[in-house]
Amino acid sequence: MEKFGIFNLLSALSSLREAENSPPPAEDARQGGGGIFTPQERRKRCESILERHERVARGARKKK
């Protein structure tokens, strides 16, 4: 992962949380149809990445 990449990921996750509390934009206001994944799918994928990262980090800490 690039330096400070985790901060970019956390920023993206916080923007998802804010998006859940606001009404969805009109369909014509979106650019490109909103992307490949729905916000719920993106959130689920990000959570699985973070969980996997924590498992690997715990394993690395145990080896020390």
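Let me start with the salt bridge between R43 and E47. This is a predicted model, and in it the closest N and O atoms of that pair are 3.2 Å apart. The cut-off for a salt bridge is 4 Å, so the pair qualifies at 3.2 Å. The structure holds one salt bridge, and R43 with E47 is that pair.

Where do R43 and E47 sit relative to each other? Both are in helix 2, four residues apart, which means about one helical turn separates them. As for exposure, R43 has a relative accessible area of 25%, so R43 is partly exposed. E47 comes out at 37%, and therefore E47 is partly exposed as well. The partly exposed class runs between the buried limit of 20% and the exposed limit of 50%.

Now the overall layout. The protein has two helices and zero strands. Helix 1 covers residues 5–21, and helix 2 covers residues 39–63.

How much of the protein counts as buried? Of its 64 residues, 9% do. The exposed surface of the protein is about 5,900 Å², and 55% of that area is supplied by carbon and sulfur atoms.

Next, one pair of residues that lie well separated in the sequence numbering. I6 belongs to helix 1. With a relative accessible area of 29%, I6 is partly exposed. I6 and L50 are 44 residues apart along the chain, and their C-alpha atoms are separated by 9.5 Å.

Last, the charged surface. Which residues form the positive surface patch? They are R52, R55, R58, R61, K62 and K64. Patch members must have over 30% relative accessible area and no salt bridge. R43 is in a salt bridge with E47, so that arginine could not be counted in a patch under this rule.

Take R61 as one example from the patch. R61 lies in helix 2, the element spanning residues 39–63. Its relative accessibility is 52%, and because the exposed class begins over 50%, R61 counts as exposed.

To recap for the bench: helix 2 carries the R43 and E47 pair and also R61, which is one of the residues in the positive patch.

Conventions
Residues are numbered from 1 along each chain as its sequence is written. This is a predicted model: local features need pLDDT of at least 70, side-chain atom pairs count only at pLDDT 80 or more; totals for chains, interfaces and linings use all residues. Side-chain values use heavy atoms; hydrogens and water are left out. Patches are made of residues with over 30% relative accessible area and no salt bridge: like charges are joined within 9 Å, nonpolar side chains (Val, Leu, Ile, Met, Phe, Trp, Tyr) within 5 Å. Accessible areas come from the Shrake-Rupley method with a 1.4 Å probe; for residues, only the protein chains shown count as cover. A salt bridge is a side-chain nitrogen of Lys or Arg within 4 Å of a carboxyl oxygen of Asp or Glu. Lys and Arg count as positive and Asp and Glu as negative; His and the chain ends are not counted. The place of a charge is taken as NZ of Lys, CZ of Arg, CG of Asp or CD of Glu. Buried means under 20% relative accessible area, exposed over 50%, partly exposed in between (1.4 Å probe, protein chains only).
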